[in-house]
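Colleague: I would like to learn how to read a ligand site in a model. Please start with the basic term.
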Amino acid sequence: MASMLEVNDIHTYYGQIHALKGVSLTVEEGEIVTLIGSNGAGKSTTLKTISGLLSPRSGEVKLRDKRINGQPAHKVAAMGVAQSPEGRRVFPRMTVLENLKMGAFVHRGTDPADLERVYMLFPRLKERAGQKAGTLSGGEQQMLAIGRALMARPRVLLLDEPSMGLAPILVEQIFHTVQDINRQGTTVLLVEQNALMALAISHRGYVLQTGTIVLADKADALLRNEEVRKAYLGES
Ligand SMILES: Nc1ncnc2c1ncn2[C@@H]1O[C@H](COP(=O)(O)OP(=O)(O)O)[C@@H](O)[C@H]1O
Ligand SMILES: [Mg+2]
């Protein structure tokens, strides 16, 4: 069977800047796959190219063998790929509930079952449903960004640095929830600077360096890899 997500040799530019130089990766149905890499390696650019926010100059992105690059982001979302962006980016003046409903717009309306699922994963969001998103804490905004992406009922969830800027206890909570989301049947492509925790919940991982994949392996093998440990797991 075709992979859930397949990225073939994509080259993405910002004007003259050649940010992705032939990135290829696959994500199988049911997996959590992590993309690790230093600041500026091209992790966010990879996710944005998959979700249609950026268009690759060459190469292709396929969802279940169907080409999705070249489609606008809202079409890609409707086809089953939802992204929780880096830096959370919730709509600050809208309430929590309004933000969640925005996530469901690709289906032209909110399914109460989807809302209930998000509230089960993040009970805090239910408590704060009527509160303006801009007044939430960082951790709560991150929950909201993930919850909003889930409202699109994605087959593949793209998470860009969900642990960024969160207190350690919240980081752990977010990673647990990502695992729950995955166990409930959503395939996950995760981008993280916190490589240790990301690999700990992942099936496989890729290492991205200056726009190129330099290593791909099972997550436990990457966790044992000497170079990975030195470069990304904070060991000297
Ligand atoms: N909007 C932009 N305009 C120009 N260059 C950009 C833009 N966004 C990112 N880049 C450049 O593309 C490269 C990859 O960036 P990015 O994908 O954000 O990296 P990461 O998410 O791994 O930190 C970096 O060199 C970065 O400076
Ligand atoms: Mg980034």
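Modeller: A residue is near a molecule if one of its heavy atoms lies within 4 Å of it. By that rule the residues around ligand 1 include Tyr-14, Ile-17, Lys-43, Ser-44 and Thr-45. This is a predicted model: local features need pLDDT of at least 70 and side-chain atom pairs pLDDT 80 or more, while totals for chains, interfaces and linings use all residues. Residues are numbered from 1 along each chain, chains are lettered from A and ligands numbered from 1 as written, and side-chain values use heavy atoms, without hydrogens and water.

Colleague: Which residues have polar atoms facing an oxygen atom of ligand 1, and at what distance?

Modeller: A polar contact is a pair of N or O atoms within 3.5 Å. A polar side-chain atom of Thr-45 lies 2.5 Å from a ligand 1 oxygen. Backbone atoms serve for Lys-43, at 2.8 Å, and for Gly-42, at 3.0 Å.

Colleague: Which protein atoms are donors of the magnesium ion, ligand 2?

Modeller: Donors are N, O and S atoms within 2.8 Å of the metal (3.2 Å for Na, K and Ca); water is not among the atoms, so sites may look incomplete. Here they are Ser-44 (OG) and Glu-86 (OE), lying 2.1 Å from the ion.

Colleague: Are Ser-44 and Glu-86 buried or exposed?

Modeller: Buried means under 20% relative accessible area, exposed over 50%, partly exposed in between (1.4 Å probe, protein chains only). Ser-44 is buried at 17%, whereas Glu-86 is partly exposed at 33%.

Notes: A polar contact is a pair of N or O atoms within 3.5 Å; within protein, one must be able to donate a hydrogen and the other to accept it, and residues adjacent in sequence count only if both atoms are side-chain atoms.
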